[in-house]
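Q: Please take one part of this model and go through it closely, contact by contact. I would like the side-chain pairs, the accessibilities and the helix geometry joined into one account.

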Amino acid sequence: MKKRFTNMERRLLALSCFVPLLALLTVPAKAMHIMEGFLPQGHAIAWGAVCVPFVVGGLISIKKIISNHRKAVLLLAMMGAYAFVLSALKMPSVTGSSSHPTGTGLGAVMFGPMPMAVIGMIVLLFQAILLAHGGLTTLGANTFSMAIAGPFVSFGVYKLCQKLKVNRLVSVGLACAIGDLFTYCVTSVQLALAHPGQEGVLASMTEFLGIFALTQVPLAIVEGILSAIVVMMLESFAKPELREIGFLNKEVADA
């Protein structure tokens, strides 16, 4: 018997397809994440190698999610669309890079950090190919900062807030904001290692962090607030799906 989509599944599917199309309307820029050719060849290869075990682990994690939680597939797709759109909203910053929300923290909060390694890498790959944002040679470095380091910190902050009995929406906001900021701490380290300057890596990293802070701190706050709003909306329209993946317990989902 042919399975029919519920109204909620249709809405989620439409949103997950429509949102990335909006991002394609943004004006391409040569500065996004770490731009093409800005890292030495050895650095580019090294960061790519570091990402490999996380991407493999992410593929295994996504396979388990798809097998065990069929209703959660559309939510997983939405997390990719959310990351695609937010990370495409850029502001000029450090030479060779730019400031923007990451969007990967919310997926890490809901599904754990491992799936975001794969989803984030796909987002970065499509942006590099379709929008000329970032680059193929810097894909490994950008994946590590935005799709691995940031999501792991967001996940850790959210779990800590849960143990401290912090309000769920506040926890989501804090987790996504701090994960966003940590992404740019890692990016600053990557840029400093590649371009230490005359005063060395530490001085270069401090300079990069100082420049990023001007634009990234307010962007991180905005991302935290927006992520909390998205969760609030999902709690209203997709409680069964959130309960299935363990984000909501039964008592909350039935409320």
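A: In this predicted model, Arg168 counts as partly exposed because its relative accessibility is 26%, and the partly exposed class runs from 20% to 50%. Its side chain meets that of Glu235 in a salt bridge, with an N to O distance of 2.7 Å. Arg168 belongs to helix 7 (residues 168–194) and Glu235 to helix 8 (residues 201–237), so this pair ties together parts that lie 67 residues apart in sequence. Side chains of opposite charge can pair when their charged atoms come close. The structure holds one salt bridge. Glu235 has a relative accessible area of 13% and is therefore buried, since the limit for that class is 20%.

The N-terminal end of helix 7 is capped by Asn167, which places a side-chain oxygen 2.9 Å from the backbone nitrogen of Leu169. Helix 7 has 27 residues, and the distance from its first C-alpha to its last is 39 Å, close to the expected 39 Å at 1.5 Å a residue.

Arg168 also leads to helix 6, through Tyr158. Tyr158 is placed in helix 6, and it counts as buried because its relative accessibility is 3%. With residues up to four places away in sequence left out, Tyr158 touches Arg168, Ser171, Val172, Ala175, Val109 and Phe247. The C-alpha of Tyr158 is 9.7 Å from that of Met110, a residue 48 places away along the chain.

Ser154 is another residue of helix 6, and at 1% relative accessibility it counts as buried. A polar atom of the Ser154 side chain lies 2.9 Å from the backbone oxygen of Ala175. Beyond its neighbours within four places in sequence, Ser154 is in contact with Ala175, Cys176 and Gly179, and also with Gly105 and Val109. Ala175 and Val109 thus appear in the contacts of Ser154 and in those of Tyr158. An α-helix has 3.6 residues a turn, so residues three or four places apart point the same way.

As for the backbone, helix 6 has 25 residues and reaches 35 Å between its first and last C-alpha atoms, close to the 36 Å expected at 1.5 Å a residue. It bends by about 25° at Gly150, and a proline, Pro151, follows within four residues. After helix 6 comes Lys165, with a positive phi near 60°.

Helix 6 also takes part in aromatic pairing. A search of the whole structure finds three aromatic pairs. In one of them, the ring centres of Trp47 and Phe144 are 5.2 Å apart and the planes make an angle of 40°, so the pair is tilted. Trp47 sits in helix 2 (residues 41–68) and Phe144 in helix 6 (residues 139–163), so that distant parts of the chain, 97 residues apart, are linked. Trp47 and Phe144 are both buried.

Another pair is formed by Phe54 and Phe152: the centres are 5.8 Å apart and the planes at 75°, so this pair is edge-to-face. Phe54 lies in helix 2 and Phe152 in helix 6, so the pair ties together parts separated by 98 residues in sequence. Phe54 counts as partly exposed because its relative accessibility is 25%, and Phe152, at 36%, also counts as partly exposed.

Definitions and conventions
Residues numbered from 1 in each chain as written. Predicted model: local features only at pLDDT ≥ 70, side-chain atom pairs only at ≥ 80, totals over all residues. Heavy atoms only, no water. Phe/Tyr/Trp six-rings, centres within 6.5 Å; stacked < 30°, edge-to-face > 60°. Helix = DSSP H or I, 4+ residues; strand = E, 2+ residues; numbered from the N terminus. Buried < 20%, exposed > 50% of the residue type's maximum accessible area, 1.4 Å probe, protein only. Salt bridge = Lys/Arg side-chain N within 4 Å of Asp/Glu carboxyl O. Expected span 1.5 Å × (residues − 1). Polar contact = N/O pair within 3.5 Å; in protein donor to acceptor, adjacent residues only side chain to side chain. Bend = angle between axes of the 7 residues up to and from the residue. Contact = heavy atoms within 4.5 Å.
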